Amino acid sequence: METLPLQEWKVQKYSAIIHRIHTLIHSIFILSMFYYRLIINLNTIPLSFFPYWLIIFISELLLSFLWLLNSAHIWTPVSRSVFPERLPPEDELPAIDIFVCTADPKKEPPLGVMNTILSVLALDYPIEKLSVYLSDDGGSNLTLYAINETWKFAEFWVPFCRKYGIKKTCPEFYFQGDDEINSSKEFLKERENIQKEYEDFKERLRKAQENGGTEDTIFHFGSNHNTVIEIIGQRGKNNRKIKIPLLVYVSREKNSAHPHHFKAGALNVLLRVSGIISNSPYILILDCDMHSNDPSSARQAMCFHLDPKISPSLAFVQFPQRFHNVSKNDIYDSALRAIFVVKWPGMDGLIGPMLSGTCFYMKRKALYGTGIHKDMDISGLKKCFGSSNEFLNNLTSTNHKQNGSGIKEFADNKIQEAKVLASCTYEQDSQWGNQIGFLYHSVVEDYFTGFILHCKGWKSVFYNPTRPAFLGSATTNLNDTLIQGTRWNSGLIEVLFSRFCPLIYGLISRMPLLECMCYAYLASQPLYCFPAWFLAIIPQLCLLNGIPIYPKVSSPWFMVYSFLFLSTLGKYLWEVVQTGGTMRTWWNEWRVWMIKSITAYFYGSLDAILKLFGFRKASFLPTNKVVDNDQLKRYQKGIYDFQASKMLIVPLVTLVTLNMVSFVLGSAKVIFEGRLSDLFGQVFLSFFILVVNYPIIEGMIFRKDKGSIPCSVTLLSILFCILLLFIGSIFVM
Ligand SMILES: O=c1ccn([C@@H]2O[C@H](COP(=O)(O)OP(=O)(O)O[C@H]3O[C@H](CO)[C@@H](O)[C@H](O)[C@H]3O)[C@@H](O)[C@H]2O)c(=O)[nH]1
Ligand SMILES: [Mn+2]
């Protein structure tokens with residue numbers, strides 16, 4: 001008898017059909033546009049216009065290229081459902097290691113990190129099969145103190161969550177919300193006691209933080225320090241003999257003479273250390289600000305990993321990153337809606353979504369390279385995995401049916417070996433970061449590692465349950481959003497301009513074309529900065545100098561441009577509305593796209609180019625997780641906060657000013673000279689840019705609050721704008 005399936009998926013047929021038809025029609029119009037530019041337009045312009053023609057042509061080419069790549073994403077969108085009740089009995093479930101990373105106790109306050117830890121300690125999964133590892137890249141006694149306190153509080157928290165089937169297992173949010181209230185007396189009393197314990201726990205952390213650490217500073221952390229590994233608690237080995245998953249603290253060795261490879265380096269250390277302690281076949285990876293919001297996520301993920309039909313080639317199950325703090329309006333598109341709601345379900349219908357840094361259940365074996373150790377002798381293995389015999393012994397035998405008994409000896413005897421595995425020289429002369437583990441080639445280690453896994457033939461699955469499995473904190477101010485975006489885009493460009501360029505390397509590796517296109521789209525996304533900058537400057541300067549860029553309104557070619565414009569806007573609106581967004585979401589996303597193209601995409605590309613030529617070193621500044629209440633309030637009200645680095649704001653304000661000038665003077669000029677039909681396209685473009693970016697105008701002229709655009713920025717921008725106009729009047733004649 002055939003057993004019932006653990007999971008099902010279905011193609012969203014209507015979306016796919018509409019998308020494909022639209023793609024076909026839109027491409028015909030794109031081809032017509034190029035026919036106009038290359039054949040009709042080029043033959044009629046005077047030679048002196050050629051430079052502008054070329055810039056506009058390049059912009060249109062890039063936009064069309066990116067549009068084409070993007071069309072691959074939702075070729076076959078799918079949705080999935082799981083049946084955890086059909087999973088094998090508990091003692092047959094595989095063990096899971098959970099990795100949480102933190103890097104900076106100032107930007108990532110320990111209370112938040114510990115809440116993440118508590119939320120996963122209470123996962124609904126056999127306790128003896130869970131092991132939680134915290135990587136502390138910030139190396140801080142405060143974090144170490146906090147995790148010890150966490151263990152004590154977990155003695156109350158974990159049994160409470162399990163007993164009452166609490167879903168919100170992150171105490172900070174549990175006590176804030178009023179859901180899940182069970183009215184039994186016993187429950188209410190217990191809840192009250194635990195809330196008191198939690199408040200005490202918080203108070204202890206607060207005091208420790210205030211004192212800049214704890215009284216008994218145990219370790220000397222600093223920019224250079226030795227490895228610190230502590231088994232914080234073992235199952236059933238605590239005061240009250242309560243069962244809690246294993247909890248391990250790891251702060252790897254740091255030495256400024258050795259590169260530490262940021263998060264990817266930290267994860268690889270955890271892979272090795274856990275490899276000789278619990279060595280579970282599956283790993284859940286979480287950023288420190290991403291707590292579990294549904295304890296059944298592990299079982300949901302196992303519905304895919306244990307499905308014999310897909311399991312052999314399945315590397316990871318990706319859940320979407322969702323956030324507890326995005327507002328309804330989400331003016332900075334912090335939720336990255338287009339990625340997690342539109343693109344990943346689309347890629348799921350190809351060979352799978354990209355790896356997204358956090359919220360995924362990974363198969364350990366996939367990170368060890370395919371078949372790499374099958375026919376290798378010991379010296380070959382050492383060349384790949386480094387010299388630890390202990391680690392090599394565990395390599396081929398992941399602990400499938402862990403019962404927890406082995407861990408005690410590990411804890412006592414093998415900490416020394418774990419320290420060797422966490423030292424900064426361990427990876428020398430090995431393939432870690434290159435072929436094995438999380439890869440170091442780019443600062444977007446998630447994107448790149450996932451890409452190489454897919455190139456090797458692994459697949460992935462996207463699962464987006466109605467109740468968010470994990471909730472994180474999104475950036476809620478412009479500065480953090482754009483700085484984070486700059487880092488991502490720098491990492492993406494790094495991949496694009498390397499031998500791993502997705503369109504080439506992917507195709508050589510026989511990755512399906514559509515999947516390659518999706519990877520190539522993301523890597524090429526920073527290139528939007530070129531058309532964005534060009535189209536915000538050149539047509540405007542040409543307008544002021546009476547040079548037409550687009551066809552006359554009376555010409556049939558004008559229809560082609562109008563169609564492309566409306567079709568792009570309309571199709572995007574359809575995508576947004578169809579996935580639960582509103583007109584407002586759609587409009588915000590346009591603005592954010594423009595803002596990012598001018599800033600984050602631009603600086604990201606610049607950063608990558610400087611790195612390429614050796615002028616800059618790779619860096620990974622962790623995103624700030626401390627909230628500024630003023631800024632948060634403005635975000636929640638949907639008011640832009642322009643308190644951001646001048647580097648980011650000045651270009652935006654300059655371009656908006658230029659468009660104001662070109663719109664006002666340009667309209668007057670065309671009406672006065674009777675050339676509206678000739679230059680209408682350009683007048684309209686300025687108008688569109690101004691309407692979309694109205695909040696910037698508001699911040700410049702009408703607002704006086706703390707989040708408005710400072711006068712100094714406006715003045716500087718006006719200066720730059722005058723400079724642009726001046727250059728324009730010399731060259732554009
Ligand atoms: O040297 C470092 C730097 C960062 N981190 C940790 O990495 C995680 C992600 O860092 P964060 O500053 O939050 O970066 P984000 O840009 O918000 O992260 C997104 O982008 C990263 C890739 O750039 C992915 O790794 C993340 O999972 C994804 O959420 C955090 O837990 C950090 O503590 C380290 O462990 N070591
Ligand atoms: Mn983050």
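Let's start right at the ligand, with Glu-108: one of its polar side-chain atoms sits 2.9 Å from an oxygen atom of ligand 1. Please keep in mind that what you see on the screen is a predicted model. Arg-487 does something comparable to look at, with a polar side-chain atom 3.1 Å from an oxygen atom of ligand 1. And then there is Thr-623, where the partner is in the backbone: a polar backbone atom lies 2.5 Å from an oxygen atom of ligand 1.

How much of ligand 1 does the protein bury? On its own, ligand 1 exposes 680 Å², and 96% of that is buried by the protein. Which elements give two or more residues to the shell? They are strand β3 (96-102) and the helices α7 (262-277), α15 (445-455) and α16 (478-496). The top contributor is α16, which gives three residues.

If you count the whole surroundings, 25 residues are around ligand 1, and the closest are Asp-287, Glu-445, Gln-484, Thr-623 and Lys-625. Sorted by class, the shell holds nine nonpolar residues, eight polar ones and eight charged ones.

Let me stay with Arg-487 for a moment, since we have already met its side chain. This residue belongs to helix α16. Is Arg-487 buried or exposed? Its relative accessibility is 14%, under the 20% cut-off, so Arg-487 counts as buried. Leaving out residues up to four places away in sequence, Arg-487 touches Val-443, Ser-619, Phe-620, Leu-621 and Thr-623. You'll recognise Thr-623 there, the residue whose backbone comes to 2.5 Å from a ligand oxygen. For a sense of distance, take His-291, which is 196 residues from Arg-487 along the chain: their C-alpha atoms are 23 Å apart.

Next stop, Asn-325. You'll find Asn-325 in the loop that runs between β9 (314-318) and α9 (337-348). Although Asn-325 is in a loop, it counts as buried, at 15% relative accessibility. A polar atom of the Asn-325 side chain lies 2.8 Å from the backbone nitrogen of Ala-474. Ala-474 also appears among the residues that Asn-325 touches, together with Gly-472, Ser-473, Thr-476 and Tyr-635, again setting aside residues up to four places away in sequence.

Now let's turn to a short helix, α11, residues 378-385. Which residues of α11 are buried? They are Gly-380, Leu-381, Cys-384 and Phe-385. Looking down the axis of α11, you see these buried residues within an arc of 110°, so they line one face of the helix. What do they pack against? The answer is α12 (389-395). Turn α11 around, and the face away from the buried side carries Ile-378 and Lys-383, both exposed. Just past the end of α11, have a look at Gly-386, where phi is positive, at about 90°.

My last residue is Leu-655, in helix α24, residues 646-673. With 5% relative accessibility, Leu-655 counts as buried. Beyond its neighbours within four places in sequence, Leu-655 is in contact with Trp-533, Ala-536, Ile-537 and Ile-598. Phe-731, 76 residues from Leu-655 along the chain, has its C-alpha atom 18 Å from that of Leu-655.

That's my tour, and thanks for listening. If you'd like one place to go back to on the screen, I'd pick Arg-487: a buried residue of helix α16, with a polar side-chain atom 3.1 Å from a ligand oxygen.

Technical notes. Residues numbered from 1 in each chain as written. Chains lettered and ligands numbered in written order. Predicted model: local features only at pLDDT ≥ 70, side-chain atom pairs only at ≥ 80, totals over all residues. Heavy atoms only, no water. Buried < 20%, exposed > 50% of the residue type's maximum accessible area, 1.4 Å probe, protein only. Helix = DSSP H or I, 4+ residues; strand = E, 2+ residues; numbered from the N terminus. Arc of directions from axis to C-beta. Contact = heavy atoms within 4.5 Å. Near = heavy atom within 4 Å. Polar contact = N/O pair within 3.5 Å; in protein donor to acceptor, adjacent residues only side chain to side chain. Areas by Shrake-Rupley, 256 points an atom, 1.4 Å probe, with all protein chains shown as cover. Nonpolar A, V, L, I, M, F, W, Y, C, P; charged D, E, K, R; others polar.
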